[in-house]
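Welcome! Let us learn to read a structure together, one feature at a time.

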Amino acid sequence: MPRGLLHRHTTKSGVWARIEVLEGELLFRVLEPMLSEERISPARAGVVPPEVPHEVGLVGPVRFYVEFLRVAPVSSTSD
């Protein structure tokens, strides 16, 4: 587990993250604008909006990965 995930951090502007747990559980804490906490497990992915301060905590042994997603720009087409 990268140590930086255990402490307050954010994704960049326009970048979402999806936390997928393969085995075990993680605690996912949103730190602002309101403090919230949820457990992420194989049955429940975590979603991280852009620029929202958050951190994760270990519950026990865990295997997981983080997928980063960027909002595609809307293109205009003329007919």
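What follows is a short conversation about a predicted model.

Q: Where is H54 found?

A: A good start is to place a residue in its element. H54 lies in strand β5, which covers residues 54-58.

Q: Is H54 buried or exposed?

A: Here we look at relative accessible area, and buried means under 20%. H54 has a relative accessibility of 5%, so this residue counts as buried.

Q: What does the side chain of H54 reach, and which residues does H54 touch?

A: Let us take the polar partner, then the wider surroundings. The H54 side chain reaches the backbone oxygen of V52 at 2.8 Å. Leaving out residues up to four places away in sequence, H54 touches several others, among them H9, T10, F28, V30 and V48.

Q: Is T10 buried, partly exposed or exposed?

A: The partly exposed class sits between the cut-offs of 20% and 50%. T10 has a relative accessible area of 45%, so it is partly exposed. T10 belongs to the segment before β1. Beyond residues up to four places away in sequence, T10 touches E51, V52, P53 and H54.

Q: How far apart in space are T10 and S75?

A: Sequence and space are two separate ways to describe distance. From C-alpha to C-alpha, T10 and S75 are 27 Å apart, and 65 residues separate them in sequence.

Q: Which residues make up the largest nonpolar core?

A: Try finding the members one by one on the model. The largest nonpolar core has 10 residues: A17, I19, V21, L26, F28, V30, I40, V48, V52 and V56. Strands β1 (15-23) and β2 (26-30) each supply at least two residues of this core. To explore one member, pick V21: setting aside neighbours within four places in sequence, V21 is in contact with L26, I40, S41, P42, V62, R63 and F64.

Q: What about E20: is this residue buried or exposed?

A: The same cut-off of 20% helps again. E20 has a relative accessible area of 14%, so it is buried. E20 is placed in strand β1, and a polar contact of 2.4 Å joins its side chain to that of R18. Not counting residues up to four places away in sequence, E20 touches A45, R63, F64 and Y65.

Q: Which residues make a nonpolar surface patch?

A: Now we turn to the surface. W16, V47, L69 and V71 make a nonpolar patch of about 360 Å² there. One of them, L69, is in strand β6, residues 63-70. L69 is partly exposed, with a relative accessible area of 38%.

Technical notes:
Residues are numbered from 1 along each chain as its sequence is written. This is a predicted model: local features need pLDDT of at least 70, side-chain atom pairs count only at pLDDT 80 or more; totals for chains, interfaces and linings use all residues. Side-chain values use heavy atoms; hydrogens and water are left out. Helices (H or I, at least four residues) and strands (E, at least two) are DSSP runs, numbered from the N terminus. Buried means under 20% relative accessible area, exposed over 50%, partly exposed in between (1.4 Å probe, protein chains only). A polar contact is a pair of N or O atoms within 3.5 Å; within protein, one must be able to donate a hydrogen and the other to accept it, and residues adjacent in sequence count only if both atoms are side-chain atoms. Contact means heavy atoms within 4.5 Å. A nonpolar core is a set of buried Ala, Val, Leu, Ile, Met, Phe, Trp, Tyr and Cys residues joined through side-chain atoms within 4.5 Å. Patches are made of residues with over 30% relative accessible area and no salt bridge: like charges are joined within 9 Å, nonpolar side chains (Val, Leu, Ile, Met, Phe, Trp, Tyr) within 5 Å. Accessible areas come from the Shrake-Rupley method with a 1.4 Å probe; for residues, only the protein chains shown count as cover. A salt bridge is a side-chain nitrogen of Lys or Arg within 4 Å of a carboxyl oxygen of Asp or Glu.
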